[in-house]
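Here's a quick briefing to keep beside the viewer while you look around. Start with the whole chain, then move on to the individual residues.

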Amino acid sequence: MNFYAIHITIAIRLLYLVQKLRRNRNPIVRASSKPIQFVYRFYSLFIIGFDIPTSTVIGRNLKIYHGIGLVVSASSKIGDNVTLRQNTTIGVANKGGAGPVIEDDVEIVCKFLQICNQFTVIEKRFRTSQE
């Protein structure tokens, strides 16, 4: 595992930790998620270069390769065992719209991909003709 992959793994673990703490019923535990959320946001935005809000619904085993330029909106839903790559935007074109859904076991292997609005990706592997 290279140095960059270790940073991505740490960021994903922080994301899962913040999401777990925010679901807790105890207000003290929920309040403890704020400093960890701050560390996660700083780490993911300024150190690694991807933007995934902590309110985004994310399944287990998210993998990110070359996370620079990766943007996911808060209204998007990402399933289990999903792989994302660099320069991918998953979001909404208009404010307040429903976000896209990435189903389980999807590997997005294309560059400069934009998935916007109410769109569902259900295939096991999503490619562009550039590969």
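**The chain at a glance**

The mean positions of the 17 positive and 8 negative charges of the protein chain sit 11 Å apart. Keep in mind that this is a predicted model. As for the fold, the protein chain has three helices and eleven strands. Read from the N terminus, the order is α-α-α-β-β-β-β-β-β-β-β-β-β-β.

**Overall size and surface**

- The radius of gyration of the protein chain is 15 Å, which agrees with the value near 14 Å for a compact globule of 131 residues.
- If you want a box to picture, the C-alpha atoms fill roughly 50 × 35 × 25 Å along the principal axes.
- Of the 131 residues in the protein chain, 37% are buried.
- About 7900 Å² of the protein chain is exposed, and carbon and sulfur atoms supply 57% of that area.
- Take the contacts in the protein chain with a separation of 6 or more: 31% of them are between residues 24 or more positions apart.

**Helix residues: Tyr4 and Val39**

- Tyr4 belongs to helix H1, which covers residues 3-23.
- Is Tyr4 buried or exposed? Neither label fits, because its relative accessibility is 26% and that counts as partly exposed.
- Beyond its neighbours within four places in sequence, Tyr4 is in contact with Ile48, His66, Gly67 and Ile68.
- One of those partners, Ile48, also offers its backbone oxygen, which the side chain of Tyr4 reaches at 3.1 Å.
- Tyr4 and Ile47 are 43 residues apart along the chain, and their C-alpha atoms are separated by 9.8 Å.
- Val39 is in helix H3, residues 33-48.
- With 43% relative accessibility, Val39 counts as partly exposed.
- How far apart are the C-alpha atoms of Val39 and Cys116? They are separated by 28 Å, with the two positions 77 residues apart along the chain counted as their spacing.

**Buried spots among the strands: Thr88, Gly99 and Ile102**

- Look for Thr88 in the loop between strand S5 (83-84) and strand S6 (89-91).
- Thr88 counts as buried because its relative accessibility is 0%.
- What does the side chain of Thr88 do with its polar end? A polar atom of that side chain lies 3.0 Å from the backbone oxygen of Arg85.
- Leaving out residues up to four places away in sequence, Thr88 touches Gly69, Leu70, Val71, Cys110 and Leu113.
- Gly99 is another loop residue, found between S6 and S7.
- At 9% relative accessibility, Gly99 is buried, since the cut-off for that label is under 20%.
- Gly99 and Cys116 are 17 residues apart along the chain, with 7.0 Å between their C-alpha atoms.
- Ile102 is in strand S7, residues 101-102.
- The relative accessibility of Ile102 is 2%, so this residue counts as buried.
- Which residues does Ile102 touch, if those up to four places away in sequence are not counted? The list is Lys77, Ile78, Gly79, Val82, Ile90, Ile108, Ile115 and Val121.
- For a longer view, Ile102 and Arg13 are 89 residues apart in sequence and 20 Å apart in space, C-alpha to C-alpha.

**Positive phi angles: Asn81 and Asp105**

- Asn81 is not a glycine, although it has a positive phi of about 55°.
- You'll find Asn81 in the loop between strand S4 (77-78) and S5.
- Asn81 counts as partly exposed because its relative accessibility is 29%.
- Asp105 also has a positive phi, about 60°, and is not a glycine.
- The place to look for Asp105 is the loop between S7 and strand S8 (107-108).
- How much of Asp105 is accessible? Its relative accessible area is 33%, so Asp105 is partly exposed.

Notes
Residues numbered from 1 in each chain as written. Predicted model: local features only at pLDDT ≥ 70, side-chain atom pairs only at ≥ 80, totals over all residues. Heavy atoms only, no water. Helix = DSSP H or I, 4+ residues; strand = E, 2+ residues; numbered from the N terminus. Rg over C-alpha atoms; globule rule 2.2 N^0.38 Å. Buried < 20%, exposed > 50% of the residue type's maximum accessible area, 1.4 Å probe, protein only. Contact = heavy atoms within 4.5 Å. Areas by Shrake-Rupley, 256 points an atom, 1.4 Å probe, with all protein chains shown as cover. Lys, Arg positive; Asp, Glu negative; His and termini not counted. Charge placed at Lys NZ, Arg CZ, Asp CG, Glu CD. Polar contact = N/O pair within 3.5 Å; in protein donor to acceptor, adjacent residues only side chain to side chain.
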